[in-house]
Amino acid sequence: MTIADVSPHRVQLPDTAFQMWLSGELDAYLHIPDDGSRVEIIDGKIIVSPAPRFRHGGILQQLSNLLDRELVKDPGYRWRCVQNNSLAFMAEENGYIPDLVVMDVDLYEDAWNANLRHLVPDQVELVVEVTSPSTAVQDRPPTGKTSGRGKWCGYARAEIPYYLLIDLDPKVAQVTLHSIPDAAAGAYLHTEAWKLGETVVLPDPIGVSVPTGSWQVWSEE
C-alpha cells in the first residue's frame, strides 16, 4: 500500500499514485466528481484543482483559433494544439494536465492514430498554462520557499522548448514566454513578457501574434 499526499489530506492507495494516474484509476479511487476537476501529480503530491471558469477556457480557445487560421492561410503550417491532455513525466513519476499544448503535425497525427491516454514531453513544442487562484503557485517560477518545485521547473527539466504562462492575477496581469530550458538546473534561461492588453508574439517556428486586449484579471470575474 502507498500513502499519498492529497492536499490537504493523506490517502492510502493500493499502488503508487503515479501508476494509478497513468492507468486512469486514480480519479475513481479518490471519488473525484465528474465536474471538470483535474487530478495532477506535482512533485509527488496529488493535486486536485476545480474546473476552470468559462473565460479561462475562452482564452485557450482563442489561442487554438489563431493556430487554425494559420493553417487555413498556409496548408503547410505544421503546428496543432490540444487542450487539457495529460502529460506524463515518466522519469519523475509526475503527471500534469496542461491547459494547452502545441505539437508538430507529425507527432499530433501519431498521437491521434494511437489514441493516446497521455502525451510525453518529447511530443510537445510549447505548453500553455493560464493561472487561477488555486493553481498560480504551481504554474509560476518558484520563489525561495518553493525552489526547484512546480510545473515551471518540471517543464524545464523535461526540456519542453517553450512555456507560455498567462498570469491573470491582478497583481501580475502579465503573459510570459519562457524559453531555453536547462534540464540540469530545472529552469528556463530566457523570458519575454507582455502586459495584459499588449500583443504577444510567439516566435518561429510557431510564429503567431496573440492579441490580449479582451483578457481580464481575476478580480473582474
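Thr131 sits in the loop that runs between strand E9 and helix H5, the latter spanning residues 136–139. The model is a predicted one. Is Thr131 buried or exposed? Its relative accessibility is 1%, and buried means under 20%, so Thr131 counts as buried. The side chain of Thr131 has a polar partner: it makes a polar contact, at 3.0 Å, with the side chain of Asp167. Beyond its neighbours within four places in sequence, Thr131 is in contact with a run of residues from Leu165 to Asp169, namely Leu165, Ile166, Asp167, Leu168 and Asp169. The other contacts of Thr131 on that count are His56, Ala136, Asp139 and Trp218.

From this loop we can turn to the nonpolar interior. The largest nonpolar core has 28 residues, and Leu126, Leu164 and Ile166 are those with the most contacts inside it. Which elements give two or more residues to this core? They are helix H3 (54–73) and the strands E5 (79–83), E8 (100–104), E9 (126–130), E10 (162–167), E11 (174–182), E13 (199–202) and E14 (208–211). Helix H3 supplies the largest share, five residues. There is also a second, separate core, made up of 21 residues, with Ile47, Leu87, Cys153 and Leu165 among them.

Leu164 shows what the surroundings of one core residue look like. Apart from neighbours within four places in sequence, Leu164 is in contact with Leu126, Val127, Val128 and Glu129. Its contacts also include Val175, Thr176 and Leu177, as well as Val200 and Leu202.

The next topic is empty space. Rolling a probe the size of a water molecule over the atoms shows where such space is left. How many cavities of 30 Å³ or more does the count give? The count comes to one. The largest cavity holds about 40 Å³ of space. Its lining consists of Leu63, Leu67, Leu100, Val102, Leu126, Val128, Leu164 and Leu202. Helix H3 and strands E8 and E9 each give two or more residues to that lining. By residue type, the lining has eight nonpolar residues, no polar ones and no charged ones. Leu126 and Leu164, which line this cavity, are also among the residues with the most contacts inside the largest core.

Last come the two ends of helix H4, which covers residues 105–114. At the N-terminal end, Asp104 acts as a cap: one of its side-chain oxygens lies 2.9 Å from the backbone nitrogen of Asp106. After H4 comes Asn115, and the phi of Asn115 is positive, near 50°.

Conventions:
Residues are numbered from 1 along each chain as its sequence is written. This is a predicted model: local features need pLDDT of at least 70, side-chain atom pairs count only at pLDDT 80 or more; totals for chains, interfaces and linings use all residues. Side-chain values use heavy atoms; hydrogens and water are left out. A nonpolar core is a set of buried Ala, Val, Leu, Ile, Met, Phe, Trp, Tyr and Cys residues joined through side-chain atoms within 4.5 Å. Buried means under 20% relative accessible area, exposed over 50%, partly exposed in between (1.4 Å probe, protein chains only). Helices (H or I, at least four residues) and strands (E, at least two) are DSSP runs, numbered from the N terminus. Contact means heavy atoms within 4.5 Å. On a 1 Å grid over the protein atoms alone, a cavity is a set of points where a 1.4 Å probe fits but cannot get out, and a pocket is an open set with protein on both sides within 12 Å along at least five of seven lines; lining residues have an atom within 4 Å of a point. Grid points are joined across faces, edges and corners, and a volume is the space filled by probe spheres set on the points. Ala, Val, Leu, Ile, Met, Phe, Trp, Tyr, Cys and Pro count as nonpolar, Asp, Glu, Lys and Arg as charged, and the others, Gly among them, as polar. A polar contact is a pair of N or O atoms within 3.5 Å; within protein, one must be able to donate a hydrogen and the other to accept it, and residues adjacent in sequence count only if both atoms are side-chain atoms.
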